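Visitor: I have a model open and a few questions. Can we go through it together?
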Amino acid sequence: MTLTLPALPPFSLSSVTRSHGWLRLAPFAGDEEGTRLSRVERLNSGRMVEIEILEMNGGVTVDISGNPSQTELDEVAEKVTWMLGLNQDLSAFYAVARSEPKLAQVEDLAQGRVLRSPTVFEDVVKTILTTNTSWAGTIRMVEALVSQFGDPLPQDPSRRSFPTPRQLAQLDVQALRSVARLGYRAPYVLELARSVASGDLDLESLQTSGDPTEQVHGGLLSIKGVGAYSAANLLILLGRYDHIPVDSWARKLVSHEWHAGEPVGDAEVEAAFDHWGKWKGLAYWFWDWSYQAGG
DNA sequence: TTCCAGGGGTAGA
DNA sequence: TCTACCCATGGA
């Protein structure tokens, strides 16, 4: 079964999938160029499907394995729309970015959307697993969570979905330490899974929440394992760009660009992008993208 | 062996 | 608010 989903222009699938490293984290899979994105998904009905996303003129096509119902197709459409930010309007960002040579590429390349997981829960877990470890470590930990605790695709059991809060909540800290090698992050992930599974914490409402950003920010910071860096990173995924995820890379970027290679602190990073106002997080994100790409 | 990686929680000031 | 210290793991 194939769905066709339009996107607000400008749109480029590869610009979304290459917006950061999420494409490399299970259960996402895709080609090097980012022109094909697939994953295994467990639908609300319990059905396991593989979805494969390809770019078409003005949007994407979504191939779904098996013979899904209309309700299941609607669910996939909603998830893909969220993952790729198909209905995001970034024209105001492009308008201000035109004045900055370092961001000259964003409109032409249709950059600005950032690849998201289908659930906020998955993005919070993955963000926690990026902290104080190497990128290779993040890939390893996420892969372990999926391969050990996710649900298998019937026609290819080697491919699995991201575990649900309920699936992780029934584990214990020892399992997350010894099997998934999460280290000290294990209790954070477990506590998060349990509070979401029990209904005490509603993360998914953040996808559509109209609450003030500072309120959302505070809520994210109250999650154990989520500090300033992670909260800012998650806000960007939620389409709120008021904070910069200051980490060692951000300090390196700002040091190189504005401080002649001298070490800088968090205040200098914030100051460097402050004039971008509500777009500062996005300006940093794609400035950094350009910097890493060799610009 | 030592160091540290795209940080964060906690205690103590 | 700020600082010191600890945290598990794996790679260099």
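Visitor: Which residues surround DNA strand C?
Guide: Asn132, Arg140, Arg177, Arg181, Gly183, Tyr184 and Arg185 surround DNA strand C, each with a heavy atom within 4 Å of the strand. Sugar and phosphate make up 70% of the strand C atoms that come within 4 Å of the protein. This is a predicted model, where local features need pLDDT of at least 70, side-chain atom pairs count only at pLDDT 80 or more, and totals for chains, interfaces and linings use all residues. Residues are numbered from 1 along each chain as its sequence is written, chains are lettered from A and ligands numbered from 1 in the order written, and side-chain values use heavy atoms, leaving out hydrogens and water.
Visitor: What does the side chain of arginine 181 lie 3.4 Å from?
Guide: A phosphate oxygen of DNA strand C, reached by a polar side-chain atom of arginine 181; a polar contact is a pair of N or O atoms within 3.5 Å.
Visitor: And how far is tyrosine 184 from a sugar or linking oxygen of the strand?
Guide: A polar backbone atom of tyrosine 184 is 3.1 Å from such an oxygen of DNA strand C. For arginine 177, an N or O atom of the side chain is 3.3 Å from a sugar or linking oxygen.
Visitor: Changing topic: at what angle do α10 and α11 pack?
Guide: About 130 degrees, with the axes of α10 (residues 213-221) and α11 (residues 228-237) 9 Å apart. That makes the pair oblique, the class left after under 35 degrees (roughly parallel), over 145 (roughly antiparallel) and 65 to 115 (roughly perpendicular).
Visitor: Which residues of α11 make the contact?
Guide: Ala228, Ala231, Leu234 and Leu235, with contact meaning heavy atoms within 4.5 Å.

Methods:
A polar contact is a pair of N or O atoms within 3.5 Å; within protein, one must be able to donate a hydrogen and the other to accept it, and residues adjacent in sequence count only if both atoms are side-chain atoms. Axes are lines fitted to C-alpha atoms, for helices over the stretch in contact, and angles run from 0 to 180 degrees between N-to-C directions. Helices (H or I, at least four residues) and strands (E, at least two) are DSSP runs, numbered from the N terminus.
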